[in-house]
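Visitor: I have a model open and would like to go through some of its helices and strands. Can we start?

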Amino acid sequence: MSQSPITAVRIQAPLKTVFHALTDPAELRVWFAEHAEVDLPERYDFWGRHTLDGDAPHQRVLEASDDLIKFAWTLDGTETTTEIRLTETDGETLVSVVQSHFDRSLVFSGSPSPLAALETFWALALGNLADHVEGRRLGPKVDYTAKVGEFSATLEIDAPADRVYTALTDSAQATAWFGYPIEIEPEVGGRFAMGGFEAAGDYAAKFVTLEPTAASIDWGSMVTSWELEGSGGKTTLTFVTSGFDAAQPPYAGWAGWLSGLVELRRYLEQPNWRSVFVQG
């Protein structure tokens, strides 16, 4: 099966520094996986709660060099191939992930297969890698073993609550930090549409509540909500997804939200913000 590009990030650090973060087991356990053991070119194992099908290591190294890690990764009984490639330009390192057996339509199908979560898994992972290497606070990770009816995450943002509110409810700003077209009608009963109103059609989500410090959005099969608590020019953002089937939690969507919210924090905190994600 052909491989498809999943995601790529640019990191303000030399290739050697980034490669170390990708291959040192102690560093991997900080930003990436609950458990990791590496001995290239023989071993590149990661597993645990924050890994898809993470009950045990399911990786097999295919190729390794100073700027490439390529491995087979068995997911849902299927052996996929993952390629992590690094390219350095003027002290900045581009890290890209190419992944086989990825079908973007699975993300929106509600499929419980871990193959459906590959894109957002890597987006969250590479966003955390960038923050780790550049010395920023890490965001929350997904627990892929959690069988619950609600996901919740909290982020501390160095920006006042009104700025966070605007970034969450203004279409242009949300599109910028999320890296995907979003159209928003910021009013009770107003629409919230990933991909835009025309693309969403009758399936656009709707605001159930909207206040300066809180909101809830009904997607039909689940509800997302957020609360803001501001103090001293800083804001605590609590984000919740609920109302879904606990037997089949939406891991793919939750990872997507977390990667987007951590980019929101970078967007609000960095004076000359530029997304760490590189659009393909």
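Visitor: What should the 16 residues of helix α3 span?
Guide: At 1.5 Å a residue, counted over one less than the number of residues, α3 (residues 118–133) should span 22 Å, and its end C-alpha atoms are 22 Å apart, which agrees. Helices (H or I, at least four residues) and strands (E, at least two) are DSSP runs numbered from the N terminus. This is a predicted model, where local features need pLDDT of at least 70, side-chain atom pairs count only at pLDDT 80 or more, and totals for chains, interfaces and linings use all residues. Residues are numbered from 1 along each chain as its sequence is written, and side-chain values use heavy atoms, without hydrogens and water.

Visitor: How many residues of α3 are buried?
Guide: 15 of the 16, so α3 is largely enclosed by the rest of the structure. Buried means under 20% relative accessible area (1.4 Å probe, protein chains only).

Visitor: What phi does G135 take, just after α3?
Guide: A positive one, about 80 degrees.

Visitor: Now the sheet. What is the strand order?
Guide: β8-β14-β13-β12-β11-β10-β9, an open sheet of seven strands with antiparallel pairing. Strands pair if DSSP finds at least two bridges between them. β8 (150–157) and β9 (182–184) are at the edges with a single partner strand each, so one side of each lacks a neighbour in the sheet.

Visitor: How many bridges join β9 to β10?
Guide: Three, and the two strands run antiparallel. E183 is opposite A193 in β10.

Visitor: Which strands does helix α5 touch?
Guide: α5 (residues 171–178) packs on the sheet against β9 and β10, with contact meaning heavy atoms within 4.5 Å.

How values were computed: Buried means under 20% relative accessible area, exposed over 50%, partly exposed in between (1.4 Å probe, protein chains only). Axes are lines fitted to C-alpha atoms, for helices over the stretch in contact, and angles run from 0 to 180 degrees between N-to-C directions.
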